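Reader: I am new to reading protein models. Please take me through this one by question and answer.

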Amino acid sequence: YHTFSFARYYDPRHMGFRALRVINEDRVRGGSGFGTHGHDDMEIVTCVLEGELAHRDSLGHEATLPPGEFQRMTAGTGIEHSEFNPSPDRPVHLYQIWIEPDRPGRTPEY
């Protein structure tokens, strides 16, 4: 579900709230996910509620997040990453929050 304009849902009246740009609830089927894509100038926090979420990024990080685990990524000047459900049959349920940074051009980190 998308609280603010995101992906194919676009409404210029709902672009975020102050520094909060995205707060999405996602359920990802087994074996699927979000292919490699880029971000910049965004703080991205992910919380896994059920299942596991695998992460890979252009900084060389690879991690699999279990339920209750949080992931923070500073996109800064630019980062490419993918997120996918490594289970062939169990879904993953997660929240993802994007926060606009206090200043652009930070060094990307995970």
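**Strands, sheets and two odd residues**

Author: The protein chain has 0 helices and 8 strands. Helices (H or I, at least four residues) and strands (E, at least two) are DSSP runs, numbered from the N terminus. This is a predicted model, where local features need pLDDT of at least 70, side-chain atom pairs count only at pLDDT 80 or more, and totals for chains, interfaces and linings use all residues. Residues are numbered from 1 along each chain as its sequence is written, and side-chain values use heavy atoms, with hydrogens and water left out.

Reader: What pattern does the protein chain follow along the sequence?

Author: The chain holds 8 strands and 0 helices. Reading along the sequence therefore gives β at each element. The pattern is β-β-β-β-β-β-β-β.

Reader: What is the mean pLDDT of the protein chain?

Author: pLDDT is the predictor's confidence in each residue, from 0 to 100. Among the elements, E3 has the highest mean, 98, and E1 the lowest, 92. In the chain, 99% of residues reach 70 or more, and the mean pLDDT is 94.

Reader: Which strands stand at the edges of the sheet that holds E1?

Author: This open sheet of 4 strands has the order E1-E8-E3-E6, with antiparallel pairing. Two strands pair if DSSP finds at least two bridges between them. A strand with a single partner has one side left without a neighbour in the sheet, so the edge strands are E1 (20-28) and E6 (70-74).

Reader: Which residue stands opposite Cys47?

Author: Strand E3 covers residues 43-50, and strand E8 covers residues 92-99. They run antiparallel, joined by 7 bridges. Opposite Cys47, in E8, stands Tyr95.

Reader: Which strands stand at the edges of the sheet that holds E2?

Author: This is an open sheet of 4 strands with antiparallel pairing, in the order E2-E7-E4-E5. Each edge strand has a single partner, so one side is left without a neighbour in the sheet. The edge strands are E2 (33-39) and E5 (62-65).

Reader: Which residue of E7 stands opposite Gly38?

Author: E2 and strand E7 (residues 79-84) run antiparallel. There are 5 bridges between them. Opposite Gly38 stands Glu80.

Reader: What is the radius of gyration of the protein chain?

Author: The radius is taken over C-alpha atoms, and the globule rule is 2.2 Å times the number of residues to the power 0.38. For 110 residues the rule gives 13 Å. The chain comes close to that, so it is as compact as a globular protein of that length, with a radius of gyration of 14 Å.

Reader: What percentage of the long-range contacts join residues at least 24 apart?

Author: Contact means heavy atoms within 4.5 Å. The count takes contacts between residues at least 6 apart in sequence. Of these, the share joining residues at least 24 apart is 72%.

Reader: Is Arg18 buried or exposed?

Author: Arg18 lies in the segment before E1. Its phi is positive, about 55 degrees, although it is not a glycine. Buried means under 20% relative accessible area, exposed over 50%, partly exposed in between (1.4 Å probe, protein chains only). Arg18 has 75% relative accessibility, so it counts as exposed.

Reader: What is the relative accessibility of Asp41?

Author: Asp41 is in the loop between E2 and E3. Asp41 is not a glycine, yet its phi is positive, about 45 degrees. Asp41 counts as partly exposed, because its relative accessibility is 27%.
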